[in-house]
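Reader: I am new to this structure and would like to work through it step by step. Could you show it to me, and then take my questions one at a time?

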Amino acid sequence: SIFANPYKVETPEERGTTIDKYKIWLLEQIATGTITKQDLLALNNKKLICYCSPKFCHGNVLKDTVEFLIKDELAFNEKVKLYKEQLNSNSPKSPKP
């Protein structure tokens with residue numbers, strides 16, 4: 001899946017760090033056009049299944065991102081725009097998996 005989490009959780013302590021990395025990675029994928037708004041909207045009202053459930057995981061990040069896009073597309077677009085500007089100014093990119 002284009003939404004798969006490239007960061008693996010090796011220990012329970014890593015879950016938060018891994019999710020934080022995934023949030024940055026997902027935003028980068030959206031900002032670069034690798035993942036589109038249409039890709040995200042295709043997840044609306046779908047059951048996202050992950051072996052991590054019921055623990056918080058990248059599926060929750062995806063769900064929250066889709067809900068944010070639907071609820072406030074202008075704010076979503078602004079967040080993506082600001083991130084694109086950071087990418088273009090050679091700021092650090094998402095951590096490598």
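Author: Before we begin, contact here means heavy atoms within 4.5 Å, and the model we are looking at is a predicted one.

Reader: With that meaning of contact, which helices do the buried residues of helix 3 pack against?

Author: The buried residues of helix 3 are His58, Gly59, Val61, Leu62, Thr65, Val66 and Leu69. They cover an arc of only 160° around the axis, which puts them on the same side of helix 3. An α-helix has 3.6 residues a turn, so residues three or four places apart point the same way. The partners that these buried residues of helix 3 pack against are helix 1, helix 2 (37–41) and helix 4.

Reader: How far apart are the end C-alpha atoms of helix 3, and what span should its residues have?

Author: Helix 3 has 14 residues, and at 1.5 Å a residue these should span 20 Å. The computed separation of its end C-alpha atoms agrees with that expectation, for it is 20 Å.

Reader: Valine 61 lies in helix 3; is valine 61 buried or exposed, and which residues is it in contact with, leaving aside its neighbours within four places in sequence?

Author: Buried means under 20% relative accessible area, and valine 61, at 5% relative accessibility, therefore counts as buried. The C-alpha atoms of valine 61 and threonine 18 are separated by 11 Å, although the two residues are 43 apart along the chain. Leaving aside neighbours within four places in sequence, the residues in contact with valine 61 are Ile19, Tyr22, Lys23, Leu26 and Phe56.

Reader: At what angle do the axes of helix 3 and helix 4 cross, and how many nonpolar, polar and charged residues does their contact have?

Author: The axes of helix 3 (residues 58–71) and helix 4 (residues 73–88) come within 5 Å and cross at roughly 120°, which makes helix 3 oblique to helix 4. On the side of helix 3 the contact is made by Thr65, Phe68, Leu69 and Lys71, and on the side of helix 4 by Glu73, Ala75, Phe76 and Lys79. Sorted by class, the residues in this contact of helix 3 with helix 4 are 4 nonpolar, 1 polar and 3 charged.

Reader: How is helix 1 oriented to helix 4, and which classes do the residues of their contact divide into?

Author: Helix 1 and helix 4 pack with their axes 9 Å apart and at an angle of about 90°, which makes helix 1 roughly perpendicular to helix 4. Ile24, Leu27, Glu28, Ile30 and Ala31 in helix 1 meet Phe76, Lys79, Val80, Tyr83, Lys84 and Leu87 in helix 4. By class, the residues of the contact of helix 1 with helix 4 divide into 8 nonpolar, no polar and 3 charged.

Reader: What covers the buried residues of helix 1?

Author: Helix 1 has 17 residues, which at 1.5 Å a residue should span 24 Å, and its end C-alpha atoms agree with this, being 24 Å apart. The buried residues of helix 1 include Arg15, Thr18, Ile19, Tyr22 and Trp25. What covers the buried residues of helix 1 includes helix 2, helix 3 and helix 4.

Reader: Glutamine 29 is found in helix 1; which residues is glutamine 29 in contact with, leaving aside its neighbours within four places in sequence?

Author: Glutamine 29 has a relative accessible area of 12%, and so it is buried. Leaving aside neighbours within four places in sequence, glutamine 29 is in contact with Thr34 and Ile35.

Reader: Asparagine 5 is found in the segment before helix 1; which residues is asparagine 5 in contact with, apart from its neighbours within four places in sequence?

Author: At 12% relative accessibility, asparagine 5 counts as buried. From C-alpha to C-alpha, asparagine 5 and lysine 71 are 24 Å apart in space, and they are 66 residues apart in sequence. Apart from neighbours within four places in sequence, the residues in contact with asparagine 5 are Thr18, Tyr22 and His58.

Reader: Asparagine 45 is found in the loop between helix 2 and helix 3; is asparagine 45 buried or exposed, and what is its phi?

Author: The relative accessible area of asparagine 45 is 75%, and asparagine 45 is therefore exposed. Most residues other than glycine have a negative phi. Asparagine 45 is a residue other than glycine with a positive phi, and the value is near 65°.

Note on methods
Residues numbered from 1 in each chain as written. Predicted model: local features only at pLDDT ≥ 70, side-chain atom pairs only at ≥ 80, totals over all residues. Heavy atoms only, no water. Axes fitted to C-alpha atoms, helices over the stretch in contact; angles between N-to-C directions. Helix = DSSP H or I, 4+ residues; strand = E, 2+ residues; numbered from the N terminus. Parallel < 35°, antiparallel > 145°, perpendicular 65-115°, else oblique. Nonpolar A, V, L, I, M, F, W, Y, C, P; charged D, E, K, R; others polar. Buried < 20%, exposed > 50% of the residue type's maximum accessible area, 1.4 Å probe, protein only. Expected span 1.5 Å × (residues − 1). Arc of directions from axis to C-beta.
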